[in-house]
Amino acid sequence: MLDLVANSREAAICALHAQLAKSPAVKDAPKFLHELLERAMLAPVCISAEVALPHARTDAVERVVVGVARVTAPGVGFDAEHPQVRLIFMVGTPKQQVEEYLLAVAAITRLLRTEGVRAGLLAAKTEAEFTALLARGAKR
């Protein structure tokens, strides 16, 4: 999702979840959303000043699902230390797939550390450009 408009952490999570819930791998969308929001309330989900990683290990999904959104400037507050989150990577994994969960989070972290990817994602003008940056960064 490009140019997501949200005025709160919960609104941003709900909007991205609504898109991700369309995946056939999401078998219980309300439960998945509840667990994402619950996790975000219990512990920080931000991995840098402008990047959030709301996630849930849950029986509500059949396999790993990932959604990505770029929030309109100036961003959305996820907590006091992260008032301007611009990139959101949402991850859902089945509870028993711990290794797959760790691999997904590691891949996202590597992607964001790849030179130029984060800045490119923030500057992308089209969804195709945004997706190409994600794909190119994931191949490294």
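1. Pro83 is a reasonable place to begin reading this predicted model, since its relative accessibility of 51% makes it count as exposed. The cut-off for that class is over 50%, so the label should be read together with the value of 51% for Pro83. In the chain, Pro83 sits in the loop that runs between strand S4 (65–70) and strand S5 (87–93).

2. The surroundings of Pro83 can be described by its contacts, and once its neighbours within four places in sequence are left aside, Pro83 is in contact with Val76 and Gly77. A further relation reaches to another part of the chain: Ser8 is 75 residues away from Pro83 along the chain, and the C-alpha atoms of the two are separated by 9.7 Å.

3. The loop between S4 and S5 also holds Pro74, and a reader checking the backbone there should look at the peptide bond from Ala73 to Pro74, which is cis, with an omega near 10°.

4. A second backbone detail concerns Asp3, a residue other than glycine whose phi is nevertheless positive, near 55°. Asp3 belongs to the segment before helix H1 (9–20), and with a relative accessible area of 42% Asp3 is partly exposed.

5. Thr93, which is found in strand S5, has a relative accessible area of 0% and is therefore buried. Not counting residues up to four places away in sequence, Thr93 touches Ala56, Arg57, Thr58, Val61, Val64 and Tyr101. Strand S5 thus offers a buried residue in Thr93, while the loop that precedes this strand carries Pro83, which counts as exposed.

6. How many disulfides does a search of the whole structure find? The search returns 0, and the distances explain this for the cysteines Cys14 and Cys46, because the closest cysteine sulfur to that of Cys14 is the one in Cys46, at 16 Å, which is too far for a bond. Seen from the other side, the sulfur of Cys46 has its closest cysteine sulfur in Cys14, again at 16 Å and too far for a bond; for a disulfide, the two sulfur atoms would have to be within 2.5 Å. As to their exposure, Cys14 is partly exposed, at a relative accessible area of 31%, whereas Cys46 counts as buried, at 14% relative accessibility.

7. Turning to the whole protein, there are 5 helices and 5 strands, and their order along the sequence follows the pattern α-α-β-β-β-β-β-α-α-α. The radius of gyration is 14 Å, close to the 14 Å that the globule rule gives for 140 residues, so the protein is as compact as a globular protein of that length. Taken along the principal axes, the C-alpha atoms fill a box of roughly 35 × 35 × 25 Å.

8. Two percentages describe how the chain is packed and connected: 45% of the 140 residues count as buried, and, among contacts between residues at least 6 apart in sequence, 67% join residues at least 24 apart.

9. The accessible surface of the protein comes to about 7300 Å², and carbon and sulfur atoms account for 55% of that surface. With regard to charge, the protein has 17 positive and 15 negative side chains, and the centres of these two sets lie 5 Å apart.

How values were computed: Residues numbered from 1 in each chain as written. Predicted model: local features only at pLDDT ≥ 70, side-chain atom pairs only at ≥ 80, totals over all residues. Heavy atoms only, no water. Helix = DSSP H or I, 4+ residues; strand = E, 2+ residues; numbered from the N terminus. Buried < 20%, exposed > 50% of the residue type's maximum accessible area, 1.4 Å probe, protein only. Contact = heavy atoms within 4.5 Å. Rg over C-alpha atoms; globule rule 2.2 N^0.38 Å. Areas by Shrake-Rupley, 256 points an atom, 1.4 Å probe, with all protein chains shown as cover. Lys, Arg positive; Asp, Glu negative; His and termini not counted. Charge placed at Lys NZ, Arg CZ, Asp CG, Glu CD.
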